[in-house]
Amino acid sequence: MIIGIGTDLANIDRIQGTLDRFGDRFRNRVFTETEQRKAERRRDVAGTYAKRWAAKEACSKALGTGLAMGIAWKDMSVTNLRSGQPIMHVTGWAKDRLDALTPAGHEAVIHVTLTDDHPWAQAFVVIEALPTAS
Ligand SMILES: CC(C)(COP(=O)(O)OP(=O)(O)OC[C@H]1O[C@@H](n2cnc3c(N)ncnc32)[C@H](O)[C@@H]1OP(=O)(O)O)[C@@H](O)C(=O)NCCC(=O)NCCS
């Protein structure tokens, strides 16, 4: 069953502006080392960050919290499989929230998809609960 959905559209130029203005303070507050490594070696650095920003916002919506003050952004992070497919990881408060949403006898699977077409970056997140094998 589906236990959460979330979407977000992020403006790549706004992310570029934040990178220009706040630099590493912004990078380190919001993005994991893995996310930063991926973005910084890309041609479209801001676009890569913007997709991951959108993914975090979409995930917070799917978790039903939204981006409450003081949440740890890095507790929602994106990696990519060798095929390029993005994978969402949750830790800390986000994992606690996911566990609270997941019905007994089920395990949660987070699905995420990303796209960008300048100036927009978009993410969708769907959280599915699957019965655990017994
Ligand atoms: C996947 C593909 C359709 C993406 O299309 P695109 O127009 O280049 O880019 P979009 O902006 O729409 O989407 C990019 C996002 O798609 C996602 N994506 C990439 N490969 C994916 C895959 N195999 N499955 C699901 N999602 C994928 C990623 O999240 C990517 O953003 P990110 O790299 O910053 O995480 C395109 O790259 C493609 O057809 N690739 C062919 C397969 C390939 O080259 N594989 C190489 C490794 S085997």
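Which side chain is joined to that of Glu57 by a polar contact of 2.8 Å? In this predicted model, the partner is Trp53, side chain to side chain. Glu57 itself lies in helix H4. With a relative accessibility of 17%, Glu57 falls under the 20% cut-off, so it counts as buried. Setting aside neighbours within four places in sequence, Glu57 is in contact with Asp8, Leu67 and Trp73.

That contact with Asp8 ties in with the annotation. The unreviewed UniProt entry lists Asp8 and Glu57 under "binding site". The two span 50 residues in sequence, but their C-alpha atoms are no more than 6.1 Å apart, so they gather at one spot. Asp8 sits in strand E1, which covers residues 2-11. Its relative accessibility comes out at 10%, so Asp8 counts as buried too.

Asp8 has a fair bit going on around it. Beyond the neighbours within four places in sequence, Asp8 is in contact with Trp53, Ala54, Glu57, Ala58 and Lys61, and also with Ala121, Gln122 and Ala123. With one of these, Lys61, there is a polar contact between side chains, at 3.4 Å. Trp53 thus turns up twice: as a contact of Asp8 and as the polar partner of Glu57.

Now for the ligand. The residues around it are Arg42, Lys51, Arg52, Asn80, Arg82, Ser83, Gly84, Gln85, Pro86, Leu114, Thr115 and Asp116. Sorted by class, this shell holds five charged residues, five polar ones and two nonpolar ones.

Several polar atom pairs link ligand and protein. From the side chain of Arg52, an N or O atom is 2.7 Å from a ligand oxygen. For the side chain of Asn80, the corresponding distance from an N or O atom to a ligand oxygen is 2.9 Å. The backbone joins in as well, with a polar atom of Leu114 lying 3.4 Å from an oxygen of the ligand. As for cover, the ligand taken alone exposes 910 Å², and the protein buries 43% of that area.

Where does the shell come from in terms of secondary structure? Two elements, helix H4 (45-62) and strand E4 (106-117), give two or more residues to it. Strand E4 gives the most, with three residues. Helix H4 is worth a second look here, as it contributes to the ligand shell and also holds Glu57, one of the positions listed in the UniProt record for "binding site".

Notes: Residues are numbered from 1 along each chain as its sequence is written. This is a predicted model: local features need pLDDT of at least 70, side-chain atom pairs count only at pLDDT 80 or more; totals for chains, interfaces and linings use all residues. Side-chain values use heavy atoms; hydrogens and water are left out. A residue is near a molecule or strand if one of its heavy atoms lies within 4 Å of it. A polar contact is a pair of N or O atoms within 3.5 Å; within protein, one must be able to donate a hydrogen and the other to accept it, and residues adjacent in sequence count only if both atoms are side-chain atoms. Accessible areas come from the Shrake-Rupley method with a 1.4 Å probe; for residues, only the protein chains shown count as cover. Helices (H or I, at least four residues) and strands (E, at least two) are DSSP runs, numbered from the N terminus. Ala, Val, Leu, Ile, Met, Phe, Trp, Tyr, Cys and Pro count as nonpolar, Asp, Glu, Lys and Arg as charged, and the others, Gly among them, as polar. UniProt positions are given in the numbering used here, feature names are shortened, and annotations may be inferred rather than shown by experiment. Buried means under 20% relative accessible area, exposed over 50%, partly exposed in between (1.4 Å probe, protein chains only). Contact means heavy atoms within 4.5 Å.
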